[in-house]
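Me: I would like a close look at just one part of this structure, followed outward from there. Please take your time and tell me how the pieces sit against each other.

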Amino acid sequence: MKFFFADSQDTVDPTFDFETETRAEWRIRQRDDLYAHEVYQKPPYDGILVSKAMVDGNGSTGSRYSLAQRQRLWRAGVRSFFRLGGGLESMGDCGAFSYVREEYPPFTPDEVIDFYENCKFDYGLSVDHVILGFQPGLDDEWPELHCVPEEWRRRQEITLELADEFARRCNIRKVHFTPLGVAQGWSPASYAGAVVQLQAMGYKRIALGGMVPLKTPGILQCLDTIASILRSDTTLHLLGVTRCEQVAHFLRYHVTSFDSTSPLRQAFKDGKDNYYTMGRNYLAIRVPQTEGNAQLQARIRSGELHQETVRQLEERCLQALSEYAERRLSLDITLEQVLAYEQVHHPKENRAEAYREVLQDQPWTSCSCEVCRQVGIQVILFRGTERNKRRGFHNLAIFYSRLQRELAKTPGASSARETLEGLGIEAVP
Ligand SMILES: [Zn+2]
């Protein structure tokens with residue numbers, strides 16, 4: 001089971017000084033910055049997924065790439081641009097969620113093939129159009145398609161037509177990457193229907209798209225229905241899985257790879273699960289930068305808060321945390337300082353218990369990953385991109401270890417049917 005990390009130019013600056021919060025003057029963005037696979041001796045994923053829409057900056061989503069970076073990616077290829085080591089693979093896709101509001105995908109199969117070939121990807125996905133809806137109940141009406149919203153059927157047809165053209169063009173152009181056909185659907189049976197057609201087009205690898213909003217039982221339900229029509233030599237990729245706890249069970253349904261960004265995103269987007277360990281997750285300690293915080297600045301301008309007082313509380317909080325890490329300050333006094341600043345930046349929150357827990361356990365001291373060893377307590381501070389991204393990298397490393405642990409258990413574990421029954425889902429006979 002291969003885990004691909006969906007990249008959005010997530011890097012850290014190795015010259016960043018946590019004390020002064022400054023960077024080396026000579027540092028050049030991206031060139032001197034480090035990807036997670038460069039921070040860790042053992043990369044925390046098997047490969048990266050790069051979306052054409054992310055590179056091009058389609059529609060409302062601005063590009064994460066400067067013009068010079070984009071040109072270098074096209075010229076030098078994905079392996080050189082991302083400085084991918086020997087074992088790491090690369091997968092390209094269109095980034096269908098970025099144009100989900102548009103009537104039609106903005107790329108032609110040939111444009112996408114140009115992107116994959118030029119950048120020398122190992123795998124390339126056909127052009128697809130996401131269906132915004134999932135209703136397993138519609139399968140009871142099957143094949144009475146009039147119950148299914150016309151827009152959903154239209155999007156599935158577009159996706160299948162484009163996959164057909166993609167397969168034909170890949171053959172004619174004798175491409176160097178492995179093509180994957182993308183299946184979109186609104187229910188288990190409609191996904192299975194799409195997979196049947198993709199297999200008929202000659203695809204041996206099929207990616208299941210649009211599953212980002214689905215919870216694990218929904219995904220397993222689809223996989224179980226697909227299993228009844230899947231050829232023995234077809235393998236599946238799951239696009240954008242956010243819940244990864246059951247990922248080892250996917251293996252039994254011919255899922256050989258998936259991609260996700262959630263271990264990284266949770267570090268700074270989640271309300272509670274910001275820092276992973278093998279056993280549980282912790283909340284990160286919020287210490288926002290007064291200067292960069294729009295809400296705090298607005299309240300200072302309106303006279304509600306006094307600039308100097310806020311700055312002092314922030315400074316004392318940071319000071320207390322580093323003294324705590326050096327065992328020069330007690331937990332209670334440290335927590336007091338953290339909460340005193342929180343009273344100002346998030347007066348309605350009460351995170352005292354979660355903060356006490358994480359300060360008490362100091363999980364970063366028992367983590368042997370490169371990030372935690374290097375930056376110590378800084379990794380638990382919810383503050384600015386350099387700390388938040390590093391915590392995200394740590395999460396990737398832990399997630400990858402959790403995945404390996406689950407996979408190690410799998411061979412002798414329960415069958416797919418038992419897994420489904422355990423989750424209260426009826427398996428397809
Ligand atoms: Zn760590």
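Reply: Happy to! Let's begin with helix 13 and helix 14, which are oblique to each other (the word covers angles left over once those under 35 degrees are called roughly parallel, over 145 roughly antiparallel and 65 to 115 roughly perpendicular). Please keep in mind that this is a predicted model, in which local features need pLDDT of at least 70, side-chain atom pairs count only at pLDDT 80 or more, and totals for chains, interfaces and linings use all residues. Residue numbers start from 1 along each chain as its sequence is written.

Helix 13 spans residues 331–345 and helix 14 residues 352–361; their axes lie 10 Å apart at an angle of about 135°. Helices here are DSSP runs of H or I with at least four residues, strands are E runs of at least two, and both are numbered from the N terminus. The axes are lines fitted to C-alpha atoms over the stretch in contact, and angles run from 0 to 180 degrees between N-to-C directions. The crossing of helix 13 with helix 14 is right-handed (the near helix is turned clockwise from the far one by less than a right angle; anticlockwise would be left-handed). Helix 13 brings Leu331, Thr334, Leu335, Val338 and Leu339 to the contact, and helix 14 answers with Ala352, Tyr355, Arg356, Leu359 and Gln360 (contact means C-beta atoms, placed from the backbone, within 7 Å). Sorted by character, seven of these residues are nonpolar, two polar and one charged (Ala, Val, Leu, Ile, Met, Phe, Trp, Tyr, Cys and Pro count as nonpolar, Asp, Glu, Lys and Arg as charged, the others, including Gly, as polar).

Helix 13 has another partner in helix 12, residues 307–325: here the angle is about 150° and the axes are 9 Å apart, so helix 12 and helix 13 run roughly antiparallel. Their crossing is left-handed. On the helix 12 side we find Val310, Leu313, Glu314, Arg316, Cys317, Ala320, Leu321 and Tyr324, facing Ile333, Thr334, Gln337, Val338, Ala340, Tyr341 and Val344 of helix 13. That contact divides into 11 nonpolar, two polar and two charged residues. Notice that Thr334 and Val338 of helix 13 take part in the contacts with helix 14 and with helix 12.

For comparison, look at helix 7 (residues 188–200) and helix 8 (residues 216–227), which pack at about 45° with axes 8 Å apart. That angle makes helix 7 oblique to helix 8. The crossing of helix 7 and helix 8 is right-handed. Pro188, Ala189, Tyr191, Ala192 and Val195 of helix 7 meet Gln221, Cys222, Thr225 and Ile226 of helix 8, with seven nonpolar residues, two polar and no charged.

Finally, the wider setting. The protein chain holds 17 helices and 12 strands. Its radius of gyration is 24 Å, close to the 22 Å that the globule rule gives for 429 residues, so it is as compact as a globular protein of that length (the radius is taken over C-alpha atoms, and the rule is 2.2 Å times the number of residues to the power 0.38). Those C-alpha atoms fill a box of roughly 65 × 50 × 45 Å along the principal axes. Of contacts between residues at least 6 apart in sequence, 71% join residues at least 24 apart.

Definitions and conventions:
Two residues are in contact if their C-beta atoms, placed from the backbone, lie within 7 Å.
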